[in-house]
Amino acid sequence: MTTLATKTRHKCFISYHRDDEQEVKQFIDTFDHDHDVFIADGIGAGMPGDIINSNDADYIKQQIRQRHLRTTTVTIVMIGRKTWGRKFVDWEIAASLRNTTTTAASGLLAISLPSVQYYSDLQIPARLRDNIDGDHGYARWWQYPSNSDILANLIDIAHSDRIKKSHLRNNSRLLRQRNA
């Protein structure tokens, strides 16, 4: 007897600061591998993506878009203490928000990692903040999900909002040129 899946698994790009790689790997192991909530794509943290060895910013941005974002529909930004100031996270968010001739903009959601859930002064990347307005913005910022059903629902919301709320997408900020 075969069991049909009860939820849609969206392919998600996982954006994070490398200092948080262990927590991100645990997130992926828990919700992708163990519960089949989503299909993870990204760079590092045990994902199938490979590191882009280059110092050329334009090449790196092009490779992120072509290798990863082209095939994903939701970007999940994993929020740690220093995520807000990382230029690659900003570039990944910017690329996720762009419509191109070959790729539609991705849904966008942020999730606080367990290690930072109780910081009252936690910052998020500026471009992400530009897109969050409670339930009324293009993106939303959530606490770490306590189970797979909650995460599946958050991903479904982001996936749906990429169309329903496309008019709220704000990608006007200049790209971050260096890490804070």
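Select the lining of the second largest pocket and colour it by class: four residues are nonpolar, four are polar and four are charged. Here Ala, Val, Leu, Ile, Met, Phe, Trp, Tyr, Cys and Pro count as nonpolar, Asp, Glu, Lys and Arg as charged, and the others, Gly among them, as polar. The residues to pick are Lys61, Arg65, Gln66, Arg70, Trp91, Ala94, Ala95, Arg98, Thr100, Thr102, Thr103 and Leu175. The space inside is about 190 Å³. (A pocket is an open set of points on a 1 Å grid over the protein atoms alone, with protein on both sides within 12 Å along at least five of seven lines; a lining residue has an atom within 4 Å of a point. Points are joined across faces, edges and corners, and the volume is the space filled by probe spheres set on them.)

This is a predicted model, where local features need pLDDT of at least 70, side-chain atom pairs count only at pLDDT 80 or more, and totals for chains, interfaces and linings use all residues. Residues are numbered from 1 along each chain as its sequence is written, and side-chain values use heavy atoms, with hydrogens and water left out.

**Helix 2 and its neighbour**

Helix 2 and helix 3 each supply at least two residues of that pocket lining. (Helices are DSSP runs of H or I with at least four residues, strands are runs of E with at least two, and both are numbered from the N terminus.) Now select isoleucine 60, in helix 2 (residues 57–67). Why does isoleucine 60 count as buried? Its relative accessibility is 6%, and buried means under 20% relative accessible area, with exposed over 50% and partly exposed in between (1.4 Å probe, protein chains only). Add tryptophan 91, 31 residues away along the chain: the two C-alpha atoms are 9.3 Å apart.

**The cores**

Zoom out. The largest nonpolar core has 35 residues. (Such a core joins buried Ala, Val, Leu, Ile, Met, Phe, Trp, Tyr and Cys residues through side-chain atoms within 4.5 Å.) Ile14, Phe27, Phe38, Ile76, Met78, Leu128 and Ile155 have the most contacts inside it. Strand 3 gives the largest share, five residues. A second, separate core of six residues includes Ile64, Leu69, Trp91 and Ala95.

**Rings**

Go to helix 1. Phenylalanine 27 and phenylalanine 31 both lie there, four residues apart, about one turn of the helix. Both are buried. Their rings form a tilted pair, 5.3 Å centre to centre with 55° between the planes. (Rings of Phe, Tyr and Trp, using its six-membered ring, pair if their centres lie within 6.5 Å; planes under 30 degrees apart are stacked, over 60 edge-to-face, and the rest tilted.) Add Phe38 and Tyr144: ring pairs link these two with Phe27 and Phe31 into a cluster.

Next, find lysine 87. It lies over the face of phenylalanine 88, 5.5 Å from the ring centre. (The rule: NZ of Lys or CZ of Arg within 6 Å of the ring centre and within 35 degrees of the ring normal.)

**A closed space**

Which residues line the largest cavity? Select Leu108, Leu109, Tyr138, Arg140, Trp142, Leu154, Ile157, Ala158 and Asp161. In a cavity, a 1.4 Å probe fits but cannot get out. About 30 Å³ of space lies inside. Helix 5 gives the most to this lining, with four residues. By class, the lining has seven nonpolar, no polar and two charged residues.

**The whole chain**

Finish with the cartoon view. The chain has five helices and five strands, in the pattern β-α-β-α-β-α-β-α-β-α. Of its 180 residues, 46% are buried.
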